[in-house]
Amino acid sequence: MELNPKIIEILNKRGVISEEDINEFLSDKPQRTYDPFLLHDMEAGVDLILSAIDSGEKICIYGDYDTDGVTSVSLLRDVLLELGADVSYYIPSRFDEGYGLNKSALDKIKAAGTNLVITVDCGCTSVEEARHAKEIGLDLLITDHHAIRDEIPDCLLIDPQHPDCNYPFKYLAGVGVAFKLAQALVETVGLSKHVLTRNLDLVGIGTIGDIVPLVDENRTLAKYGLRALNITERVGLKALIEKTGLKPGEINSKLVSFVIVPHINAAGRMEDATLAARLMQTGEPERAAEMAERLMECNKRRRSVQDELVKDSEILLDGYNDENRHYVFVKLESAHEGVIGIVAGRLKDKYKLPAIIVTAIEDGLYKGTGRSPDGVNLFALLNKHSDLFLRFGGHAAACGFTIEGSKLGELEDALKKETEELYNTNEEAFHHRINPEVVLDGVDVDFEFIRLQNKLEPFGKDNPRPVIGLKIKNPACSRMGQEGQFLRVNAYMDNGGQIRCLDFKNADRTEAILEKNVNDSYVEAVGFLESQTWNDREYIQLNLEDIREN
């Protein structure tokens, strides 16, 4: 394949250097995947499941209430049904039970006659719950992908981050681990691979939705998953795709992240995640249409509640400009638990700092959630103080916990101490200036570059859409949006060609800089290059992230 040198430059900067790796990265049919039996406890886990099925025992899949959990539950249930299992599933309530395994749920599952519980996307820190399962006579197989803390649950545990696991790739999503378990089962029993391929649409959605690194095996799973999603015959997904206005054949990672995933997540945020799980598993078109409509309503309510909480939080943080404070901490006495994670993410984006929101739940307890920018491992910082929490889990970019209200002061002190120490030893972790991966000349900006750039899809964590630098001059600015809050810039490149730039984030700042730089003086525009079509005319535009004076 003949590649633009600028595309090669981008790949090289992302660690994709050899010809073999470049070809694999760009391939429409990537081959990078690994033997599922390399995962620690996989062989024993498969034996346990097949023994339970042979004995006619009841199996319950226990999943998380986000997209990764919902897709994992749906995938594994389909495979176990194909194996002839007597299988049910359980997804805890975000509001009444919280994240992960809980003893009360295990008691209910046991009382229903279940013999084996298989977790997906949760459980790797559930030491006490695993002990309880053993006490009440429940077999427990945990499959997860989150970071494992000092003490490991006393049961079979399939997690690429297990300290004794030699699996070559450590960053599978929960649905990726569930898929590897399904692979191992299908291989052992000799089932048709169609049992796996018909579930690749779920694998793609869960992998993209959980914001795991879209490199290595995740890239393989996401690519095949997107292909399967665009031709899916899954009744529930087809209904959701139709309701959201997406077009089969044109669904990419961005549309999965910003359309499909929020609607699936909205079920667990506003009502009950089992609604989304039922949608993924139904074979009835009329029921699917009804459930998809309910997800649409959930998502509308989620957006409304979320926007109100963002405003409330920003009011509390009004005037926040303490340069010696390297975190954001907001205490909301009454906030919808289903959206505080999104709000924490918004605050993280605004202040470019790790952000934690806590809200009262019951009996002097608070639920908290944190989001962190690249460079700051919030999970690792707070894990040093895990004794403060009643429940705690997460990963580098996000965490969740339950804490007694009396310990909130200690939590903020710990956050202050840890972020100060990190800042003093690694100040760069808190600097978030967006730098271009590659600087283009005007002659480089054409539809062929856009086509080759799109070969880097699917975009996501550790494989973002390339940030482009471009010299522009003689800008003509005009405002867009109902309140004039956005900026359109028509400017010239160094080869005399014109380029349209749009700024949806920093319109005032961008306009002020451009007004100072006229009369053939160049500035560097930094952003994302893409093609657009309007009235049957295709053109190229740069979505601005920054403007820099020379």
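The paragraphs below lead through a predicted model, from its nonpolar cores to its sheets, two buried acidic residues and its aromatic pairs.

The nonpolar interior is a natural place to start. The largest nonpolar core holds 75 residues, and the members with the most contacts inside it are I49, I59, L80, I118, L181 and I260. Helix α7, which spans residues 174-189, supplies the largest share of this core, namely nine residues. A second core, separate from that one, has 35 residues, with L11, F25, L470 and I547 among them. To see what surrounds one well-connected member of the largest core, the reader can select I260: once its neighbours within four places in sequence are left aside, I260 is in contact with I205, L229, L240, L246, I251 and L255.

F25, named above as part of the second core, also belongs to helix α2, which covers residues 19-26 and whose buried residues are I22, E24, F25 and L26. These buried residues of α2 pack against two other helices, α1 (5-13) and α10 (216-230).

From the cores we turn to a sheet. Five strands form an open sheet in the order β2-β1-β3-β4-β5, and their pairing is parallel. At its edges stand β2 (86-90) and β5 (156-158), each of which pairs on one side only. On average, and with direction ignored, neighbouring strands of this sheet are turned by 20 degrees against each other. Within the sheet, strand β1 (residues 58-63) runs beside strand β3 (residues 114-120), and the two pair in the parallel sense over six bridges. One position to check in this pairing is G63, which stands opposite V120 in β3.

The sheet also contains one of the aromatic pairs, of which the structure holds seven. The rings of Y62 and Y90 have centres 5.4 Å apart and planes at 25 degrees, and because planes under 30 degrees apart count as stacked, this pair is classed as stacked. Since Y62 lies in strand β1 and Y90 in strand β2, the pair ties together parts that are 28 residues apart in sequence. Both Y62 and Y90 are buried.

A second stacked pair is made by F389 and F392, whose ring centres are 4.8 Å apart and whose planes meet at 15 degrees. F389 counts as buried because its relative accessibility is 9%, and F392 likewise counts as buried, at 6% relative accessibility. These two phenylalanines are members of one aromatic cluster, which is formed by F379, F389, F392 and F401.

Antiparallel pairing appears around strand β8, which covers residues 365-371 and is mostly covered, with five of its seven residues buried. Strand β7 (residues 355-360) pairs with β8 in the antiparallel sense over six bridges, and within that pairing I356 stands opposite G370 in β8. The two strands form a hairpin with four residues between them, and in the turn D363 has a positive phi of about 50 degrees. β8 also pairs with strand β10 (residues 398-404), in the antiparallel sense and over seven bridges; here the bridge partner of T369 is G400 in β10.

Two acidic residues deserve a separate look. Is D201, which lies in helix α9 (residues 200-209), buried or exposed? At 2% relative accessibility, D201 counts as buried. Not counting residues up to four places away in sequence, D201 touches G225, A228, L229, T232, R234 and L237. With T232 the relation can be described further: the two residues are 31 apart along the chain, while their C-alpha atoms are separated by 6.8 Å, and a polar contact of 2.7 Å joins their side chains. L229, one of the residues that D201 touches, is also among the contacts of I260 described earlier.

The other acidic residue, E511, is found in helix α19 (residues 507-516). Its relative accessibility is 17%, and because buried means under 20%, E511 counts as buried. With residues up to four places away in sequence not counted, E511 touches C477, R479 and L487.

Terms used:
Residues numbered from 1 in each chain as written. Predicted model: local features only at pLDDT ≥ 70, side-chain atom pairs only at ≥ 80, totals over all residues. Heavy atoms only, no water. Core = buried A, V, L, I, M, F, W, Y, C linked by side-chain atoms within 4.5 Å. Buried < 20%, exposed > 50% of the residue type's maximum accessible area, 1.4 Å probe, protein only. Contact = heavy atoms within 4.5 Å. Pairing = 2+ DSSP bridges. Axes fitted to C-alpha atoms, helices over the stretch in contact; angles between N-to-C directions. Polar contact = N/O pair within 3.5 Å; in protein donor to acceptor, adjacent residues only side chain to side chain. Phe/Tyr/Trp six-rings, centres within 6.5 Å; stacked < 30°, edge-to-face > 60°.
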